[in-house]
Amino acid sequence: MKKLPLRAAGGGVCALALLALLFARPIPCIEGIRAGLACCVNQVIPALFPFFVVSAMIAASPLAKFFGLALWPYTRFGLGIRDPRAATALLLAWLGGFAVAARVVSQMYGEGVVTRRQAQLLLVCGVGSGPAFVVNTVGCLLLGSPRLGWCIFAALLLADLAAGLLARLLLPAGNEAPRGAAISAGRSAGVSFVAAVQGAVQSMLTVCGFVTFFSFLNGALGSFLPSSGPVRATLAALLEVTGGCVQASGLGGAAAVYGCCAALSIQSLSVLLQVRALLDERVSLLPLAAARPVHLCLSLGALRLLMGLVPGAAAAAAGVGGRLLVRSRTAPDAALVLFALCCAVLYGFNFTSGGRKSIMDKNPEGRPCRVP
């Protein structure tokens with residue numbers, strides 16, 4: 001009898017478990033899917049879609065050599081990356097969050113700006129949540145204090161910097177060299193607006209798919225647990241970062257602040273899989289996954305230090321209670337226009353599954369690619 005591959009068998013068992021979950025908890029599953037779709041329409045797409053377009057154009061333009069100049073000393077001497085465009089990739093990652101980080105790092109690796117090891121280093125210190133989410137959503141809406149949001153964001157950045165330095169020391173050095181000169185030959189300067197929008201649509205479809213699925217999983221598994229408390233917050237943080245922050249904020253007091261920081265540091269299984277989907281398949285995700293526990297300890301330590309140094313932060317943390325999350329919304333007509341734009345881009349520029357060239361092609365120059 002032929003043995004089944006372990007990975008395939010495990011995937012089948014997980015699929016059967018999800019199917020049983022759908023029948024056992026239909027209402028929580030439906031509510032979780034609705035919440036995920038609402039999160040995509042009201043928060044994810046309005047926040048990420050324009051940034052995807054802009055970041056792709058900046059990363060491929062001559063401006064990339066100067067945009068991240070303030071971070072060049074860290075990437076040059078801390079991470080050992082000579083090309084100044086790596087500093088721009090890190091700055092865009094910090095501003096736009098994990099999805100932008102994965103997309104920009106993958107783009108620069110594909111263009112030969114950084115090596116595989118350097119791309120892994122940029123992911124370790126670049127994957128996280130942007131200031132718009134940390135300060136506005138977590139700080140203002142969940143914790144009731146923008147000061148706490150800035151403290152958490154600063155603690156996460158300090159942990160990013162320290163984790164990047166540690167990863168450079170521990171990650172084995174290879175003999176691979178950047179391939180920028182060979183790949184860039186004959187390439188037109190920058191990325192066209194049409195190509196940037198097409199790539200942004202592809203990335204948004206991936207991100208929204210994972211957000212919806214893990215929202216469903218969080219709602220279904222959470223129905224077996226109490227509606228609030230440390231156990232519920234831990235489960236939510238491991239599955240999806242937004243749900244983890246919402247649950248952690250209900251703990252109250254300093255526990256809510258440190259819980260939100262922990263959820264943002266771990267970044268959840270959903271985030272790791274989104275990064276994997278957006279990243280070049282030749283770049284391993286293992287260094288990023290291995291660095292998360294270290295990042296968690298560093299961020300919580302930095303947050304404790306900042307809470308004692310920033311005036312009013314400790315008092316604000318003591319006053320944190322269960323808060324109602326008021327979700328920012330996009331007007332229905334604007335959401336419909338954005339949806340129509342996505343459809344027009346997908347079907348107006350030969351997005352096909354047939355023999356024609358697709359916009360999903362990752363080798364526009366005809367370079368040989370690895371066949372699985």
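Which helix gives the most to the lining of the largest cavity? That is α9, with 4 residues. Keep in mind that this is a predicted model.

**The cavity**

Let's stay with that enclosed space for a moment. The structure holds 1 cavity of 30 Å³ or more, and about 90 Å³ of space lies in the largest cavity. Its lining counts 15 residues, and those closest to the centre are Val 127, Gly 128, Ser 129, Leu 156 and Asp 160. Besides α9 (146–170), helices α5, α14 (253–266) and α16 (286–309) each supply at least two residues of this lining. Sorted by class, the lining of the largest cavity has 7 nonpolar, 6 polar and 2 charged residues.

**Helix pairs**

Two packed helices are described by the angle between their axes and the distance between the axes. Here are three pairs to look at.

| Helix pair | Angle between axes | Axis distance | Crossing |
|---|---|---|---|
| α9 and α14 | about 40° | 10 Å | right-handed |
| α8 and α13 | roughly 30° | within 10 Å | right-handed |
| α12 and α13 | about 160° | 6 Å | left-handed |

Start with α9 and α14, which both help line the cavity. They pack at an angle of about 40°, so the two helices are oblique to each other. On the α9 side, the contact is made by Leu 148, Ile 152 and Leu 156, while α14 brings in Val 257, Cys 260, Cys 261, Leu 264 and Ser 265. By class, that gives 7 nonpolar residues, 1 polar residue and no charged ones. Leu 156 turns up twice, then: it belongs to this contact and is also listed among the residues closest to the centre of the largest cavity.

Next come α8 (residues 131–142) and α13 (residues 241–249), whose axes cross at roughly 30°. The two helices are therefore roughly parallel to each other. From α8, the residues in contact are Phe 133, Val 138 and Leu 142, and from α13 they are Thr 242, Cys 245, Val 246 and Ser 249. The tally for this contact is 5 nonpolar, 2 polar and no charged residues.

Helix α13 also packs with α12 (residues 230–239), at an angle of about 160°. That makes α12 and α13 roughly antiparallel to each other, because angles over 145 degrees count that way. Arg 232, Ala 233, Ala 236 and Ala 237 of α12 meet Gly 243, Gly 244, Gln 247 and Ala 248 of α13. This contact divides into 4 nonpolar, 3 polar and 1 charged residue.

**The second largest pocket**

Now for an open space. How much space lies in the second largest pocket? The value is about 570 Å³. There are 27 residues in its lining, and Gln 43, Val 44, Ala 47, Leu 48 and Phe 133 are the closest to the centre. Phe 133 is a good residue to click on, as it also takes part in the contact of α8 with α13.

The elements that give two or more residues to the lining of this pocket are α2 (26–59), α5 (85–96), α6 (98–110), α8, α11 (193–222), α13 and α15 (268–278). The largest share, 6 residues, comes from α2. By class, the lining of the second largest pocket has 14 nonpolar, 12 polar and 1 charged residue.

One helix links the two spaces: α5 gives two or more residues to the lining of the second largest pocket and at least two to the lining of the largest cavity.

Notes: Residues numbered from 1 in each chain as written. Predicted model: local features only at pLDDT ≥ 70, side-chain atom pairs only at ≥ 80, totals over all residues. Heavy atoms only, no water. Axes fitted to C-alpha atoms, helices over the stretch in contact; angles between N-to-C directions. Parallel < 35°, antiparallel > 145°, perpendicular 65-115°, else oblique. Left-handed = near helix turned anticlockwise from the far one by under 90°. Contact = heavy atoms within 4.5 Å. Nonpolar A, V, L, I, M, F, W, Y, C, P; charged D, E, K, R; others polar. 1 Å grid on protein atoms, 1.4 Å probe; cavity = no way out; pocket = protein on both sides within 12 Å on 5 of 7 lines; lining within 4 Å. Points joined across faces, edges and corners; volume = space filled by probe spheres on them.
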